[in-house]
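Subject: A structure to look through

Hello,

Here is the structure I promised to pass on to you. Please open it next to this message and follow along at your own pace.

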Amino acid sequence: MVCFRLAPVLRVKLFLVCLALGAAQPFTLELNLTNSEKATCLYAKWQMNFTIQYETTNNTNNTVNISPLDNVTYNGSNCGDDHTGPKVAVQFRSGFSWNVNFTKETPNYSIDRISFSYDTKDNKTFPDAKYKGIVTVSDAVAVKIPLNDIFRCNSLLIYEKNDVVQHYWSILVQAFVQNGTVSREEFLCEEDKSLTTIAPTIVPSPTTTPTPKERPEVGNYSVTQGNSTCLLATMGLQLNITHDKVASVININPNTTDVTGSCQPKTAELKLNNSDIKYLEFVFAVKNENRFYLKEVNASIVLANGSVFSTANNSLSYWDAPLGSSYMCNKEDTLSVSEAFQINTFGLRIQPFNVKEGVYSTAQDCSADDDHFLVPIAVGAALAGVLILVLLAYFIGLKRHHAGYEQF
């Protein structure tokens, strides 16, 4: 856990701000604001990331995924005063800022407005951006919460505006904390309420192990751009999740799964979702101008007990193959996204770039398939060795037989 101690702001001293990052709950931000009397006045804990699409100098569109991983500061966060409400202000990475404002109207308080800003002058994050400057997206949220209640939303909340998609989940927040004590009375978001009505009432114990499942059905997925197919995928997917010490196994049914995605010159995205999978994103990238690979996986999944498991990893290196070809792995293989999330693949074939006429190009086999072919090769080599030994023994015996006649 990394902790930050900040200077006084508007006579309110922010004593402790902690940013907790972990494998089971990546990119979790936790904020405890205290006033001059060292009493908590605002508490917030949440996860978020952002997907930004921007225009390049070549008049094409690029997409980047942004998470608050490093250089996080909270300058400007405050508990409010008689004239203004509380505010959470977050700055991260290079040129990114995020703010949320709260207002009070007894007997409720509101999450009033969320603003997100980014700077396209950052060439590392926004290469070849056509517009250079600061872009701000602001959304009125107007979520009303009873005073003295803490707002909880485990479900994924999505706000989309002006080429920016904002994702929020695993949210706990209480503004206007009374008497310095965070409430235990929870006010659930509408998305969690709907999940609660259909969720099982029995929660598995921490020692529960997943029931073994049969192999998932192999499905065909594709992404189109204009009138042509730009990404092809064939695979059976089995998700292995460990959340709150409970293991779950989920097979994805391709017949009830929706497919979306996008294709860019150097990145491509395949996104799956259904009633249980809020989103499962596979992001591919080009490296060294001549190969592609799976760079990133993002997921948000509703578990059997109604809770939501979310994770992301943007530093993967799987499914590597030359551009102009496809990647194939017939054997069952495991893609490890995090310690808490693995994906078993069956009958995998993927081509995220240079698809021609809607069909796969020549495939490069995975190492698992290569190992599979070592067995018949080894058997063939052994048989060839035995045959050579038999022939040598035959000729040696034949030579000795002729030598015996010459002695007479």
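Below is what was found in it, place by place.

Before anything else, please keep in mind that this is a predicted model.

**The largest pocket**

Let's begin with open space on the protein. Rolling a probe the size of a water molecule over the atoms shows where empty space is left. In this model, the largest pocket holds about 980 Å³ of space. Its lining is made of 35 residues, and those closest to the centre are V64, K124, T125, P127 and K295. Four strands each give two or more residues to this lining: strand 5 (61-66), strand 18, strand 19 (277-287) and strand 20 (291-302). Which strand gives the most to the lining of the largest pocket? That is strand 5, with 5 residues.

If you sort the lining of the largest pocket by class, you get 12 nonpolar, 14 polar and 9 charged residues. Both domain 1 (29-192) and domain 2 (218-367) take part, each with at least three residues in the lining of this pocket.

**A hairpin**

Strand 18, one of the strands named for the pocket, is also worth finding for its partner. Strand 17 (residues 258-263) and strand 18 (residues 267-273) run antiparallel and are joined by 6 bridges. The two form a hairpin, with 3 residues between them. To see one pairing for yourself, find T260 and look across to strand 18, where its bridge partner is K271.

**The cavities**

Next, look inside. The structure holds 2 cavities of 30 Å³ or more. The second largest cavity has about 40 Å³ of space, and its lining consists of Y318, W319, D333, T334, L335 and T345. Strand 22 (318-322) and strand 24 (333-338) are the elements that give two or more residues to this lining, and strand 24 gives the most, with 3 residues. By class, the lining of the second largest cavity has 3 nonpolar, 2 polar and 1 charged residues.

**A buried histidine**

Now go to H243, which sits in strand 15 (residues 228-243). Is H243 buried or exposed? Its relative accessibility is 12%, under the 20% cut-off, so H243 counts as buried. Leaving aside residues up to four places away in sequence, H243 touches L303, S307, V308 and F309.

**Some unusual backbone spots**

Most residues other than glycine have a negative phi, and most peptide bonds are trans. With that in mind, here are some places to check in the loops.

- The peptide bond from T106 to P107 is cis, with omega near 15°. P107 lies in the loop between strand 7 (96-105) and strand 8 (108-119).
- D163 is not a glycine, yet its phi is positive, near 70°. You will find D163 in the loop between strand 11 (157-161) and strand 12 (164-175). With a relative accessible area of 49%, D163 is partly exposed.
- N179 has a positive phi too, near 60°, and is likewise a residue other than glycine. The loop between strand 12 and strand 13 (186-188) is where N179 belongs. How does N179 come out, buried or exposed? N179 has a relative accessible area of 78%, so it is exposed.

Enjoy exploring, and do write back with any questions.

Best wishes

How values were computed
Residues are numbered from 1 along each chain as its sequence is written. This is a predicted model: local features need pLDDT of at least 70, side-chain atom pairs count only at pLDDT 80 or more; totals for chains, interfaces and linings use all residues. Side-chain values use heavy atoms; hydrogens and water are left out. On a 1 Å grid over the protein atoms alone, a cavity is a set of points where a 1.4 Å probe fits but cannot get out, and a pocket is an open set with protein on both sides within 12 Å along at least five of seven lines; lining residues have an atom within 4 Å of a point. Grid points are joined across faces, edges and corners, and a volume is the space filled by probe spheres set on the points. Ala, Val, Leu, Ile, Met, Phe, Trp, Tyr, Cys and Pro count as nonpolar, Asp, Glu, Lys and Arg as charged, and the others, Gly among them, as polar. Two strands pair if DSSP finds at least two bridges between them. Buried means under 20% relative accessible area, exposed over 50%, partly exposed in between (1.4 Å probe, protein chains only). Contact means heavy atoms within 4.5 Å. Domain bounds come from an automatic or database domain assignment.
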